[in-house]
Amino acid sequence: MRTGRVTNGLASAIGGLAALLVIGTTGALAQEKVTVFAAASLKNALDAVNQACTGEAGHPATISYAASSALARQIEEGAPADVFMSADVDWMTYLSDRKLIKSETETRLLGNSIVLVAPADSTIEATIANDFDLAGLIGEGRLAMANVDAVPAGKYGKAALQSLGVWASVEGKVAQAENVRAALALVATGEAPLGIVYKTDAAAEPKVKIVGAFPADSHPAIVYPVAETTGSQGNGPRAFLECLRSAKAKSLFEEQGFTVLTPVASN
C-alpha cells in the first residue's frame, strides 16, 4: 500500500510539472514580441491594423516607420526587425538578394497611387497631362517630394514627371524630404505650395487638398510587399503576416485608401 501511495504521489507531481510547463510555454508564446519596420506612408492604416491584430498576438507589434530605403539599410546593418513592409518591390528585392528576407513569406499586399497636393486653403488648380505647366504653378516656391533617388514615393513621382515631360522644368524647384510624410508636412505647413505624395497620405492630412491625380501609366505600379526577415524567430511574425491578410485588415487598409492586392486569408 505504501508503494502505491509513493507511485501515485510521483505521478501527481509529474502531472503537475507537465501542466506548469504547458502553461509556461503558452505564456511565453503570448509574450512573443514582433518588431515591424514599415514604410512611413503606412502609418495610419497599419496602426489601426496593428490594434485589430492584438487578439491574435496577445499584444500589439512594435512598429518603426521611416523611408523604405532607410529601413532596408538598417536591416542590412543588423537592426532587429522581424517583418519588413516596403513601399516598393525594389527595396524588398534589395534585401532578398542579400538573403535577409524569408522569400517564401513575401506577399505583395497593397497598392496605392500618387497625387499632387496643395495647402487646404490654396487656390491652385491643376490638370495633370503631358507638358502641363507645373513650374508655373509652383512659381517662386518649391515642389515637396520624398527623396527622388531612394525613397519610393519620390521615385514614383520623378518617374511620373519624366513620363509627362515636365521633370526638366521643375527639377531645380524640388524640395526633397527624407520620407513621404515629411514631404506632406512641408505642404501642410505652407512651406511648399505643392507636393507629390501618395493618395493615402493626402487623405490622412486635413491641412492639404488634392489638386490633381497622376495617371497610373505615368509611373511604375505602386506595390507594397511584406515579408519576414531571416532574423525573425517564433510564431509571432507569421501570425502578424496572417492577420495582415485577414478580412478585418483588408477593411482597415481600404478605409485609408489602399488597394488590397492579395486574397483574404481563410480562417
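This report covers the disulfide, the nonpolar cores, the strand pairing and the helix packing of one chain.

The model is predicted: local features need pLDDT of at least 70, side-chain atom pairs count only at pLDDT 80 or more, and totals for chains, interfaces and linings use all residues. Residues are numbered from 1 along each chain as its sequence is written, and side-chain values use heavy atoms, leaving out hydrogens and water.

**Disulfide**

A disulfide here is a pair of cysteine sulfur atoms within 2.5 Å. That rule gives 1 disulfide. It joins Cys53 and Cys243, with the sulfur atoms 1.9 Å apart. The link is left-handed, at -95° about the S-S bond. It ties together distant parts of the chain, 190 residues apart: Cys53 sits in the loop between α2 (43-52) and α3 (54-57), and Cys243 in helix α11 (residues 236-244). Helices (H or I, at least four residues) and strands (E, at least two) are DSSP runs, numbered from the N terminus.

Are the two cysteines buried or exposed? Buried means under 20% relative accessible area, exposed over 50%, and partly exposed in between (1.4 Å probe, protein chains only). Cys53 counts as buried because its relative accessibility is 3%. Cys243 is buried too, at 4%.

**Cores**

A nonpolar core is a set of buried Ala, Val, Leu, Ile, Met, Phe, Trp, Tyr and Cys residues joined through side-chain atoms within 4.5 Å. The largest one has 71 residues; Leu46, Leu116, Leu143, Leu161, Leu244 and Phe253 touch the most other members. Another core lies apart from it, with 14 residues, including Ala66, Leu71, Leu95 and Ala227.

Contact means heavy atoms within 4.5 Å. Not counting residues up to four places away in sequence, Leu143 touches Leu116, Leu161, Leu194, Gly195 and Ile196, among others.

**Strands**

Two strands pair if DSSP finds at least two bridges between them. Strand β8 (residues 194-198) is mostly covered, with 5 of its 5 residues buried. Three pairings are listed below.

| Strands | Sense | Bridges | One bridge pair |
|---|---|---|---|
| β5 (residues 114-119) and β8 | antiparallel | 4 | Val115 and Val197 |
| β6 (residues 143-146) and β8 | parallel | 2 | Ala144 and Gly195 |
| β1 (residues 35-39) and β3 (residues 83-85) | parallel | 3 | Val36 and Val83 |

An open sheet of 6 strands runs in the order β2-β1-β3-β10-β4-β11, with mixed pairing. Its edges are β2 (62-66) and β11 (259-260); each has a single partner strand, so one side of each lacks a neighbour in the sheet.

**Helices on the sheet**

Axes are lines fitted to C-alpha atoms, for helices over the stretch in contact, and angles run from 0 to 180 degrees between N-to-C directions. Helix α2 lies across β1, β2 and β3, at about 175° to β2. Helix α11 also packs on the sheet, touching β1, β3, β4 (107-111) and β10 (223-228), and its direction makes about 155° with that of β10.

Which residues of α2 are buried? They are Ala45, Leu46, Val49 and Asn50. These cover an arc of only 135° around the axis, which puts them on the same side of α2. The arc is that of the directions from the helix axis to the C-beta atoms.

Helix α4 (residues 68-76) buries Ser68, Ser69, Leu71, Ala72 and Ile75. They line one face of the helix, because they fall within an arc of 165° seen down the axis of α4. This buried set packs against β1, β2, β3, α5 (89-97) and α7 (152-163). Just after α4, Gly78 takes a positive phi of about 105°.
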